[in-house]
Amino acid sequence: MDTKKEEAVAYLGPKASYTHQAALSEFPESKYIISPQTTIEDIFAAVQSSTASHGVVPFENSSNGSVVFTLDLFADLHGRYPDISVCGEIYLQVHHCLLGHAAKSQGETATSEPAHGISTQPGNPRVKPLHDIKHIKKLYSHPQAWGQCKLFLAAYFKGIERQDVSSTSKAAELVAQNTTGSSAAISSRMAAGMNNLDVLAQGIEDNQGNSTRFFIIRRQQDVVAPDAQNASVEMADYKTLVSFTVEHGEPGALADCLAIFKKHKLNLTSINTRPSGETPWHYVFFIEFRGRKRADGAGGAVNEALQELEKVAKNGRWLGSWSNKLKE
Ligand SMILES: O=C(O)C(=O)C[C@]1(C(=O)O)C=C[C@@H](O)C=C1
C-alpha cells in the first residue's frame, strides 16, 4: 500500500479547531500532511509559497456572518496573495462547548440541570451550564465564537472579561495551561478531550443549526479547468467568486456591474464588501454566484459575464469556481 504523503494541507491550528475538523472531513490524514498554522494569513502564505498544496479557511457562519479576516486576505490590498483561488467548500455543523476546570467541591449538576432542546422562551439561551461556573472570571475564544453564543454569554457571563485569541482550540490550550482554574474557553468537544478539560456547558450556540462554511484554497495555476458541461448542470452544481471595485463618484457604477449578472441569468448567492484600503470609504465588492468559469475561450455565461465585467468594474479578479456543496 502506498502511504507516502506528499501534499500538505494548511489549516488554522492548533488541533481541534473547527477548521481542523473541516480539513479532516475532506483531507484524510492517511493521505495528506495536515499542517497547523497560527493565523488565517499564515494559511494564505503557505499556499501562495507552495509550502502547502491546499489551505482550509473559514469564510462565513450561518448566524454570525462573514469572516472578515478571510475576506481581507482575498481583497489582498498589498498584492501578497495574487495566485490564491477557491477550489472547494466545506459546510460544518458548529456546536460550541464551554470548557474549563469544574470546581472541585461541586457535583455534576451543581448550579442547574441541563435544559434539553430549544428553550420555549425566545431570547433565552437554549441550554444551562452542566457545572457550577461561579469561579470563572475570564473567557477565551475566537472572535467569531462570541457572536454565535450571544444568548448564553448574556445570561451567564455578563460583565466577565473576554480575551480574543487566534482560534477556539488555542483558547482551550490557554485555559488548560491556567492552573488557577478561573478561566474558560468557548471551544469544541474535541478540544476538551485533547486538552483534558471539563465540559462546563454544551450546545451553547444560539441557533441549533449553527454551521460554518469553509473554503478550500489553492494556487490558481494548480487548478485544472474541468471540461465544459451542460449549462444548466453548471448553474446548479457550481459556484464562483469574484471581487472588484467601482468608480465611486459615478452614480450607478455598482448597478451596472450587477446588471451583467442579471443579463446572463447568473443567480447571486452572496455579496460582501470590505474597505478597499486605497481611499477611506471606498470598498471592494465580493460577488458569489451560481455557475462556473470554463477554460479561456470556451464560452458560456460565466466567461461572457466576466469579460463584460472587466469593461465596467475596476481591479476585477476571478477568485475561483468550485462544486456547490449546499444541500437545499
Ligand atoms: O477558531 C476556530 O476553531 C476556527 O476554526 C475559526 C472559526 C471561524 O473563524 O469562523 C471557525 C468556525 C467557528 O465559526 C468559529 C471559529
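Begin by selecting strands S6 (residues 97-100) and S9 (183-187), which pair in the antiparallel sense over 3 bridges; two strands count as paired if DSSP finds at least two bridges between them, and strands (E, at least two residues) and helices (H or I, at least four residues) are DSSP runs numbered from the N terminus. Within this pair, pick Leu98, whose bridge partner in S9 is Ile186. The model on your screen is predicted, so local features need pLDDT of at least 70 and side-chain atom pairs count only at pLDDT 80 or more, while totals for chains, interfaces and linings use all residues. Residues are numbered from 1 along each chain as its sequence is written, and side-chain values use heavy atoms, with hydrogens and water left out.

Stay on S6 and add strand S10 (198-202), which is joined to S6 by 4 bridges and runs antiparallel to S6. Here Gly100 has Asp198 as its bridge partner, and Leu99 stands opposite Val199. If you show the side chains of S6, Cys97 and Leu99 point one way and Leu98 and Gly100 the other, and all of these are buried, a word that means under 20% relative accessible area, with exposed meaning over 50% and partly exposed in between (1.4 Å probe, protein chains only).

Now widen the selection to the whole sheet, an open one of 5 strands in the order S8-S7-S9-S6-S10 with mixed pairing. Strand S8 (161-164) and S10 stand at the edges with a single partner strand each, so one side of each is left without a neighbour in the sheet. From one strand to the next the twist averages 30°, where axes are lines fitted to C-alpha atoms, for helices over the stretch in contact, and angles run from 0 to 180 degrees between N-to-C directions. Across S6, S7 (138-141) and S9 lies helix H6 (residues 168-177), running at about 160° to S9.

Next, select Asn210, in the loop between S10 and S11. Is Asn210 buried or exposed? Asn210 is buried, with a relative accessible area of 0%. Its side chain and that of Gln148 are joined by a polar contact of 2.9 Å, a polar contact being a pair of N or O atoms within 3.5 Å, where within protein one must be able to donate a hydrogen and the other to accept it, and residues adjacent in sequence count only if both atoms are side-chain atoms.

Move on to another open sheet, with 4 strands in the order S13-S14-S12-S15 and antiparallel pairing. Its edge strands are S13 (268-275) and S15, each of which pairs on one side only. S13 and S14 are joined by 7 bridges, and Asn272 stands opposite Phe286 in S14.

Phe286 leads to the last stop, the largest nonpolar core, which has 26 residues, with Phe286 and Phe44 among those that have the most contacts inside it; such a core is a set of buried Ala, Val, Leu, Ile, Met, Phe, Trp, Tyr and Cys residues joined through side-chain atoms within 4.5 Å. Helix H2 (40-48) is one of the elements that give two or more residues to this core, and H2 gives the most, with 5 residues. Finally, select Phe44, which, leaving aside neighbours within four places in sequence, is in contact (heavy atoms within 4.5 Å) with residues including Val57, Phe74 and Ile217.
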